[in-house]
Amino acid sequence: QVQLVESGGGMVQPGGSLRLSCTASGGIFRLFSNYVMGWYRQAPGKQRELVATITSGGTANYADSVKGRFAISRDNGKNTLFLQMNNLKPEDTAVYYCNALRPEAANYWGQGTQVTVSS
């Protein structure tokens, strides 16, 4: 059974920090360590957007909107993806999801974790 389980969200004030985690298991994610993985987010009324990616070897890329504030990392031994989010802004408010950047992965999404940035 394929599972993506995101956690670590919450409500913080602008300028605050959160660390998100995502554990992947089953099916295609048995090969987690081979995949480029990403964090996505979806704000109310908006399309899901990709905010950060990381290769199997640890090379990271970021959307301009989060560059310099977010850091993606992974633990291949534990099939876990992380997103350290610093200096959070109200526009970062969204549900955050993780997934592999592979066509077949589009069939599998977790429940996401809500991040709310508000004073």
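**View A. Strand S1 pairs with strand S3 in this predicted model.** S1 and S3 (residues 18–25) run antiparallel and share 5 bridges. One residue pair to look for joins Glu 6 and Cys 22: Glu 6 stands opposite Cys 22, which lies in S3.

**View B. An open sheet is built from 4 strands.** Read across the sheet, the order is S1-S3-S8-S7. The pairing is antiparallel. Strands S1 (3–7) and S7 (70–75) stand at the edges. Each has a single partner strand, so one side of each is left without a neighbour in the sheet. From one strand to the next, the twist averages 15°.

**View C. Strand S4 meets strand S9.** S4 covers residues 37–42. It runs antiparallel to S9, and 6 bridges join the two. Follow Arg 41 to find one contact point: its bridge partner in S9 is Tyr 96.

**View D. Strand S9 also pairs with strand S10.** S10 spans residues 113–117. The two strands pair in the antiparallel sense, over 3 bridges. Ala 94 stands opposite Val 115 of S10.

**View E. Strand S9 is buried along its length.** S9 comprises residues 94–100. Of its 7 residues, 7 are buried, meaning under 20% relative accessible area. The strand is therefore largely enclosed by the rest of the structure. Its antiparallel pairings include S4, through 6 bridges, and S10, through 3 bridges.

Terms used. Residues numbered from 1 in each chain as written. Predicted model: local features only at pLDDT ≥ 70, side-chain atom pairs only at ≥ 80, totals over all residues. Heavy atoms only, no water. Pairing = 2+ DSSP bridges. Axes fitted to C-alpha atoms, helices over the stretch in contact; angles between N-to-C directions. Buried < 20%, exposed > 50% of the residue type's maximum accessible area, 1.4 Å probe, protein only.
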